[in-house]
Structure formats: C-alpha cells, structure tokens
Amino acid sequence: MKIFIKNSIYEIVNNTAEQAIMVIDDIQTNSDLSEFPVDTVNAIYLNVPDEIAAMFLFTFRRSQSTRHYLKPIFLSASSKMKVKNLWLADGRYESFNAADLSDKVTRINNVVNQMVDDDSQEYDTFELIGLRILRFFLSRGTDIEMKPDPSSFIGYSNQMFALYSYNNNSYIYDLLLVMDSLEKKKYIEKTFHDQIHVCPDCGCSHLNFRESCPKCGSAHLNMEGMIHHFECAYVGPEREYIVGNELVCPKCSKNLRHIGVDYDRPTVAYNCNTCNFFFQTPLMKAYCFSCVKENMPEALKSKTIHNYKITAMGQDVAIQGRMDHIEIEDTETFAGFITYELYKSYIDVEILRLQNNSQESLVVFSLQLQTVSTMFLDDINLREVTAKIANLLTNSENRAAIYAFKNNVFLGGFLNKTEYEVNNMLTELRDEIVQSLQRDVPDLKADLKMKTLHISANSLSDEILVHLLTF
C-alpha cells in the first residue's frame, strides 16, 4: 500500500529475500525525512528523479543517527546521476528484488547491527567525522580509496569527503587532517595513491600550465616550427621559407623538397602577439582557477594522496563508537585560562545572579581557528599555533574577564559590556591575531570565526555552550 506524507509517496514491501524495503516513488525537496519510518526497514530504494535522489542522499547521509546515515540506499537502474552523487548510494538496480542487492543489504546490516548506537554522545567536529568515515567504509566492506573527482578542490575525493566538502571545497584539507589523525592513532594504515601539485596560495589542484612570453609575461602566443636548411645551415621560422606552395630557403634561395634530405625541423619557436617578441624558450606558468594567481611550476606545493585500510583497532573503534579526541585535547591548558568545567559553572552562577536581579551583565563568546590552507599544518605544529592565539588573547588590551578552551574552540566572557561592544572588540582582536599569525607563520592562511551571546536570566548553560561550540 502506498503511503502519502506531505507530498511524498512511499511503500514498504518485502523483496524475495524477505527484507523490508522502503520504495520511495516521490519526495519533495522540503520533506521532513524524520517522518519516514526508516528504522522499520532493511533498506531504501529510490525511484525518483536524479536531482531529488541526490538531495535525499546528501541529507540522509548527514543524519545524526547511526542507523540512518549507514542505511543501505539504492537507486533505480534508470538513474543517470553524476558519479560524485552516485558514490553515496550503494548501487543501481532494475529491481529491489535483485539477488546482488539483497546480499549487499545483508552484509551491510550485519556490520551495522554490531555497532553501538549511542547518538547522544558529544563529539567535536573532527572526531564525529572521523568516526563516521570509519563506520561507513567498515559497513561497506571496502578500503577508504581516493577517486578522481573533477569537482574536488584537489582533484580527488571519496564518498564521505564528497559529503562533507560539497559546499566548502577547501574543507577537504581538514578532512585530510582527520585521516592523518586516524592514522597516527593506528585506526587506519595509509598507502601511496598519487602525487599531485597544488597552488601554494590556496591549495587548489585545478591548474592550467601555459607558456608565457619571457619579455612581457603574456600567454597570447603563436607557436610555429623552425626549419634547418642543411646545405647553407640557415635556421629560421617556417613562415620565412614559404613561397606559394613551396619551401624556399630565404638565405640561399634553393628549393627544399625532401625532409631529412634537404632540411629538418629541429624545434619550435613562439611569437608573442602582445609585444611581438620572437623566442624559442617560453616561461612555463601555472594559473590557478580557484584564486586566479599565477606561479612558476617550481613554486607549486607537492601533495601526496593516500588510500587507507581500516586496522583491527579501527574496526573496534567503529563498532564501539568511541575514540580519542582528534587534534588538540580538551585537557589543554594555557596561562590565564580556566577549565571548561569551571567556565560552565561560571555561566551557571551568572545566570543565578541575574535571576536574583543582579545588575551585572555577561556576554559570552567563542573563537575558532578556520584554516584556509590547512595543508600547511603538515609542517606547522597546530598546538604551537593554538598556544600563540591563547597568549595573544590573554595579553590583549581588550582582554576578557575569563577564558577557557574546549574542542579546539576558545571560549570567553565579558562583564558589563553590550553585545555590540563585545562584537567590536572581538573584531579588532581577531584582526590583530590573524595579522600576527600571518607575520609569524606566512604559509598559514587562516581566519578566526566568532560567536557572541548575551546571557539572560532565562538562559540555560547547556544550550549556551552548544551554541558557542557549534561552527
């Protein structure tokens, strides 16, 4: 029986293997996916247009529920979906009764059913993504392989990378940092896949290598062959030899009839259409399609692309659903900072004071380092960069009343300031920190994202902290 919910149509049927399959025949882009009873089925079969199927896949694979984002999802064989979106599905089939489909459903669900389903755990962003990467590929029984992807910032991607970087291309470098952290913790083992060159300014691999004029730098060139006349040893561009339909040496006026006997073509030359300079050896430059900057080939950054295999330890982490924090640990302390637990207690006390008609006011804030070119963090100690930011915060003229650190996020609070004043002070402070980082670490392209919130008597500390820690 077909079921209709808010302009969406689906039915739950049993295939020949007695597996419950949710067959979706229509779904609107504004549909609330939480209304679909996916927990009651073994798999989902999408029989909808490709653009709708892509929306469903991206939304569903980003679900907070382990049982949802790992659910086997299949497309009809008629789908012509782009490869990058197709990666998020588990295959295309003529029917949900296909034997290979039912075998795949069994294999995936056998692994997923072993996983501890604790969706209430609080993870920092990198930890959550790392766990999801492990769980997705373990449930699919495949290694974590990088695949060619023209739409990727670095020309390579995979199912989970495409999922988390589709609206922020440079975020793929943060995902590579996640993989490095998983490898250091021995959850995965990496193997060489490819070596690429990327722009030193933005990290993009979409480069156009083009010849340029060594005199004016223009790429507006004409290339032509050079001819060497054996008898008189004259070498010149082919246009000088052309007389009607014949080749005639401009030096000795003899006809050139047979290549290899009368003449040869030893090389090519270039003529610049901008400055008319004639030359044989052009400058080679790499033009970046992302930041539109030009660099010499020797200035490009080399980047190794790896594939990964989940280790026995990584399999255990994926099943149990718990791993050590990625990157900087929550126990990190800096001079002038209080612990996260004390920071939370401080907020609770201020809320209580406000409830007792205190005249004081508190504006809390958070700052998170957002690296534009995180590939440079391979060579830079992130802990040192973070410690430098902490030092700049505590020694600034606009010093806050309190500071704390949690999940790679700086937390603080200003007493008796308006939210407008705090925003202005933080903007100045952010600019000061970014300029200092650029001075001391030129290769690190970074920014600081910030949030502020005015505390009221009706505020709840848990909601405040979730807001401050979510970027």
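Visitor: Which residue stands opposite Tyr45 in E5?

Guide: In this predicted model, Tyr45 has Phe74 of E5 opposite it. The two residues belong to paired elements: strand E4 covers residues 43-46 and strand E5 covers residues 73-76.

Visitor: What makes E4 and E5 a pair?

Guide: Two strands count as paired if DSSP finds at least two bridges between them. Strands E4 and E5 are joined over three bridges, in the parallel sense, and therefore they meet the criterion of at least two.

Visitor: How do you know that E5 also pairs with E6?

Guide: Strand E6 (residues 92-93) is joined to E5 by two bridges, and these strands run parallel. The requirement is at least two bridges, so E5 and E6 qualify as a pair. One bridge partnership here links Ser76 with Tyr93 in E6.

Visitor: Which residues have the most contacts inside the largest nonpolar core?

Guide: They are Ile24, Ile44 and Leu46, in a core of 74 residues. With neighbours within four places in sequence left aside, Leu46 is in contact with Ile24, Ala53, Phe56, Leu57, Ile73, Phe74, Leu75 and Ser76. Apart from this core lies another of 23 residues, including Phe334, Phe410, Leu426 and Leu429.

Visitor: Why does Phe334 count as buried?

Guide: The cut-off for buried is under 20% relative accessible area. Phe334 has a relative accessibility of 12%, so it counts as buried. The value for Phe337 is 15%, and Phe337 is therefore buried by that cut-off.

Visitor: Why is the pair of Phe334 and Phe337 called edge-to-face?

Guide: A pair of aromatic rings is described by the distance of the centres and the angle of the planes. Rings pair if their centres lie within 6.5 Å, and planes over 60 degrees apart count as edge-to-face. For Phe334 and Phe337 the values are 5.4 Å centre to centre and 70° between the planes. Both conditions are satisfied, so the rings of Phe334 and Phe337 form an edge-to-face pair.

Visitor: What makes the pair of Phe136 and Phe137 edge-to-face?

Guide: The ring centres of Phe136 and Phe137 are 5.5 Å apart and the planes stand at 85°. The distance falls within 6.5 Å and the angle is over 60 degrees, so this pair is edge-to-face. Phe136 and Phe137 are both buried. The structure holds 17 aromatic pairs.

Visitor: Which residues form one aromatic cluster with Phe334 and Phe337?

Guide: The other members of that cluster are Phe365, Tyr403, Phe405, Phe410 and Phe414. Phe365 lies 9.7 Å from Leu469, C-alpha to C-alpha, although these two residues are 104 apart in sequence. Leu469 is part of helix H12 (residues 461-469). Beyond neighbours within four places in sequence, Leu469 is in contact with Tyr340, Lys406, Val409 and Leu411.

Visitor: How do you know that Lys406 lies over the face of Tyr340?

Guide: For a lysine, NZ must be within 6 Å of the ring centre and within 35 degrees of the ring normal. Lys406 is at 4.9 Å from the centre of the Tyr340 ring and lies over its face. The distance is within 6 Å, so that part of the definition is met. In another such arrangement, the charged end of Arg132 sits over the ring of Tyr69, 4.5 Å from the ring centre.

Visitor: Why is Asn271 called buried?

Guide: Asn271 has a relative accessible area of 18%, which is under 20%, and so it is buried. Asn271 lies in strand E16 (residues 268-272). Leaving aside neighbours within four places in sequence, its contacts are His220, Leu221, Asn222, Asn276, Phe277 and Phe278.

Visitor: What makes E10 and E19 edge strands?

Guide: The open sheet has three strands in the order E10-E18-E19, with antiparallel pairing. Strand E10 (207-212) and strand E19 (294-295) each pair on one side only, and they are the edge strands. Strand E18 (residues 283-288) is joined to E19 over two bridges. There, Tyr287 stands opposite Glu294.

Visitor: Which residues of helix H8 are buried?

Guide: Helix H8 (residues 312-320) has Gly314, Val317, Ala318 and Ile319 buried. Just after H8, Gly321 adopts a positive phi of about 80°.

Conventions
Residues numbered from 1 in each chain as written. Predicted model: local features only at pLDDT ≥ 70, side-chain atom pairs only at ≥ 80, totals over all residues. Heavy atoms only, no water. Core = buried A, V, L, I, M, F, W, Y, C linked by side-chain atoms within 4.5 Å. Buried < 20%, exposed > 50% of the residue type's maximum accessible area, 1.4 Å probe, protein only. Contact = heavy atoms within 4.5 Å. Helix = DSSP H or I, 4+ residues; strand = E, 2+ residues; numbered from the N terminus. Phe/Tyr/Trp six-rings, centres within 6.5 Å; stacked < 30°, edge-to-face > 60°.
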